[in-house]
Amino acid sequence: MTLPDLLMLAVLVLGGASAVLVVVARNVVHAALYLVVALLAVAGTFLVIGAEFLAWTQVLIYVGAVVVLILFGLMLTRAPIGPIEADSDNRRLALATSVVLFVFLATMIFRAFGRTELPLSVTRTAALGEVLYVHWAFPFMSLGFFLTVALVGAIILARKEEGEGPEPQLDPEMATERPTPAPTDTSTTPGVTKPSEEITA
Amino acid sequence: MQAVYPLTFAALLFCVGVYGVLARRNAVLVLMSVELMLSAVTINLVTFGQIAGDAVLTGQAFALFVLAIGAAEVGVGLGIILLLYRNRATVNIDDADLMKY
């Protein structure tokens, strides 16, 4: 066993364990923190394979931005900080699906790539940049446009519209039931249908 | 290094993500599981790119694209979840059945 093998095994065990903990954790904040470890393990895999730039991009975007965004989402939806209620009813079916899928994929991988050696060569960031800005220039710039559109769309989606929806109930007993519709004054806004009617329909 | 290590790691991450998407009820946790599945895809892309070893680094370029699309997906997904929470006062995806037959 060489050094890359050992590093990759350590990353595999650490990342696999924390990924499993993400989906079984009772506490949603703990799940988000385990996600940090799992995504760092993915960055570690990139480092072992030799994709330096991708590894640090993974750390910056996922660990730096996405996890912070998810924690904000947990905070804004007033997620229960303590243990949450049980999983969905099809938990056993989901477990069976994922185990069968993993056994299938692992069998395929070991049959097809059991003896394939992975050439470990470091991809320099300058080389990747040259390829990105010459060969992949058009897709790369479209990606920037796409990101702008997506973020503007996200802002428009999350913005509060006038007279939209009831205020969320703070009472935990009421929160599990359907929210009471807010009284909408249809006399002042004639063309607008009541949002509460669409919800309860 | 054997190619099976990163490929197995990717398969493991993907299957754990599938379990999370199917079994969890909190919409933010479902989003986290989707992130795990996207990470599995990037690992596969980079690994196969290294095995093929082409000159224009297709695997790593596509992995970068998946990374950016994942970031955009988290933004839009959290926007939808906040909207759901505002209108239904819940993030339980079993309750989001407005369009269910």
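**Exercise 1. The start of chain B**

Is B:Gln2 buried, partly exposed or exposed, judged by the other C-beta atoms within 10 Å?

*Solution.* The model is a predicted one, and the residue in question sits in the segment that comes before H1 of chain B. A residue counts as buried from 20 other C-beta atoms within 10 Å upward and as exposed at 12 or fewer, with partly exposed in between. Since B:Gln2 has 16 such atoms, B:Gln2 is partly exposed. Once residues up to four places away in sequence are left out, B:Gln2 touches A:Glu117 and A:Leu118. As for B:Ile81, which lies 79 residues from B:Gln2 in sequence, the two C-alpha atoms are 41 Å apart in space.

**Exercise 2. Confidence in the two chains**

Determine what the confidence scores say about chain A, about chain B and about the model as a whole.

*Solution.* Begin with the model, which scores ipTM 0.91 and pTM 0.81. For chain B the average pLDDT is 89, and 100% of the residues score at least 70. Among the elements of chain B, the highest mean pLDDT, 93, belongs to helix H1 (residues 4-23), and the lowest, 90, to helix H3 (residues 58-88). Chain A has a mean pLDDT of 81, with 76% of its residues at 70 or more. Over residues 185-201 of chain A the pLDDT stays under 50, and for this stretch the model has 12 contacts beyond four places in sequence.

**Exercise 3. The architecture of chain A**

Describe the elements and domains of chain A, and then place A:Val48 within them.

*Solution.* Chain A has 8 helices and 0 strands, so that its elements, from the N terminus on, run α-α-α-α-α-α-α-α. Of its 201 residues, 22% are buried. When contacts in chain A between residues at least 6 apart in sequence are considered, 50% of them join residues at least 24 apart. The chain is divided into domain 1, covering 1-83, and domain 2, covering 124-157, and the C-alpha centres of these two domains lie 24 Å apart.

The residue A:Val48 is found in helix H2 of chain A, and it counts as buried because it has 22 C-beta neighbours inside 10 Å. Apart from its neighbours within four places in sequence, A:Val48 is in contact with A:Pro4, A:Leu7, A:Met8 and A:Val11. By contrast with these contacts, the C-alpha atoms of A:Val48 and A:Val28, 20 residues apart along the chain, are separated by 30 Å.

**Exercise 4. The interface between the chains**

How many residues of chain A are in contact with chain B, and which helix of chain A supplies the largest share of that side?

*Solution.* The contact involves 80 residues of chain A and 64 residues of chain B. Helices H1 (3-24), H2 (28-49), H3 (52-76), H4 (91-113), H5 (125-134) and H6 (137-158) of chain A each supply at least two residues of the side that touches chain B. The largest share, 12 residues, comes from H4(A). By class, this side of chain A divides into 57 nonpolar, 19 polar and 4 charged residues.

**Exercise 5. Two helix pairs across the interface**

Work out the relative orientation of H1(A) and H1(B), and then that of H3(A) and H2(B).

*Solution.* For the first pair, H1(A) and H1(B) pack with their axes 9 Å apart and at an angle of about 5°. Angles under 35 degrees count as roughly parallel, and H1(A) and H1(B) are therefore roughly parallel to each other. Residues making the contact include A:Leu12, A:Gly15 and A:Gly16 on H1(A) and B:Phe9, B:Leu12 and B:Leu13 on H1(B). The contact of H1(A) with H1(B) has 14 nonpolar, 4 polar and no charged residues.

For the second pair, the axes of H3(A) and H2(B), residues 27-52, come within 11 Å and cross at roughly 170°. Angles over 145 degrees count as roughly antiparallel, which makes H3(A) roughly antiparallel to H2(B). The contact is made by A:Leu54, A:Val66, A:Ile70, A:Gly73 and A:Leu74 of H3(A), together with B:Val28, B:Leu31, B:Met32, B:Glu35 and B:Val46 of H2(B). Sorted by class, the contact of H3(A) with H2(B) has 8 nonpolar, 1 polar and 1 charged residues.

**Exercise 6. A loop residue in chain B**

Characterise B:Leu57 by its place, its burial and its backbone.

*Solution.* B:Leu57 has its place in the loop between H2 and H3 of chain B. With 23 C-beta neighbours inside 10 Å, B:Leu57 counts as buried. Its phi is near 55°, a positive value in a residue other than glycine.

Terms used:
Residues numbered from 1 in each chain as written. Chains lettered and ligands numbered in written order. Predicted model: local features only at pLDDT ≥ 70, side-chain atom pairs only at ≥ 80, totals over all residues. Helix = DSSP H or I, 4+ residues; strand = E, 2+ residues; numbered from the N terminus. Contact = placed C-beta atoms within 7 Å. Domains from an automatic or database assignment. Nonpolar A, V, L, I, M, F, W, Y, C, P; charged D, E, K, R; others polar. pLDDT = per-residue confidence, 0-100. Axes fitted to C-alpha atoms, helices over the stretch in contact; angles between N-to-C directions. Parallel < 35°, antiparallel > 145°, perpendicular 65-115°, else oblique.
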